[in-house]
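Here is a short report on one protein chain and its largest pocket. Look at the model first, then read on.

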Amino acid sequence: MKMRRNTGILTVLLFSALYCATAWAQGTAQISGTVQDQSGAILPGVEITVTQAETGVPRSTRTNQTGS
């Protein structure tokens, strides 16, 4: 009976460790830069959209007053 309970606890701990490792593997990314026109002037208020290649999920934002 004791061996069976220990095996159950070990199974739960192993599953929890694998689940947590998968959750931690979710990464994030960051893109930064400045939007400028051909003359080098900064462009505030430009909408920028990027799409995650694996999922196809788009994310959009607008540049701030410094073109970032």
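## Strands and a pocket

The largest pocket draws at least two lining residues from β1 (47-51) and at least two from β2 (58-62). Keep in mind that this is a predicted model. β2 gives the most to the lining, with 4 residues.

How much space lies in the largest pocket? The answer is about 540 Å³. Its lining has 21 residues. Those that lie nearest the centre are Ala29, Gln30, Ile31, Val50 and Arg59.

The lining can be sorted by class.

| Class of lining residue | Number in the largest pocket |
|---|---|
| Nonpolar | 6 residues |
| Polar | 13 residues |
| Charged | 2 residues |

Now turn to the strands. β1 and β2 run antiparallel. How many bridges join them? There are 5. Two pairs are worth finding in the model. Val50 stands opposite Arg59 in β2. Both Val50 and Arg59 are also among the residues nearest the centre of the largest pocket. The other pair is Glu47 and its bridge partner in β2, Arg62.

A general point helps when you look at strands. In a regular strand, side chains alternate between the two faces of the sheet.

β1 and β2 form a hairpin, with 6 residues between the strands. Which residue there takes a positive phi? In this hairpin it is Gly56, with a phi near 75°.

## The whole chain

Step back to the full chain. It holds 1 helix and 2 strands. Read along the sequence, the pattern is α-β-β. The helix therefore precedes both strands, as helices and strands are numbered from the N terminus.

How many residues does the chain have, and what share of them count as buried? The chain has 68 residues, and 3% of them count as buried. Here, buried means under 20% relative accessible area.

The chain exposes about 6,300 Å². Carbon and sulfur atoms supply 59% of that area.

Contacts complete the picture. Take the contacts in the chain with a separation of 6 or more. Residues 24 or more positions apart account for 21% of them.

Technical notes
Residues are numbered from 1 along each chain as its sequence is written. This is a predicted model: local features need pLDDT of at least 70, side-chain atom pairs count only at pLDDT 80 or more; totals for chains, interfaces and linings use all residues. Side-chain values use heavy atoms; hydrogens and water are left out. On a 1 Å grid over the protein atoms alone, a cavity is a set of points where a 1.4 Å probe fits but cannot get out, and a pocket is an open set with protein on both sides within 12 Å along at least five of seven lines; lining residues have an atom within 4 Å of a point. Grid points are joined across faces, edges and corners, and a volume is the space filled by probe spheres set on the points. Ala, Val, Leu, Ile, Met, Phe, Trp, Tyr, Cys and Pro count as nonpolar, Asp, Glu, Lys and Arg as charged, and the others, Gly among them, as polar. Buried means under 20% relative accessible area, exposed over 50%, partly exposed in between (1.4 Å probe, protein chains only). Contact means heavy atoms within 4.5 Å. Accessible areas come from the Shrake-Rupley method with a 1.4 Å probe; for residues, only the protein chains shown count as cover. Two strands pair if DSSP finds at least two bridges between them.
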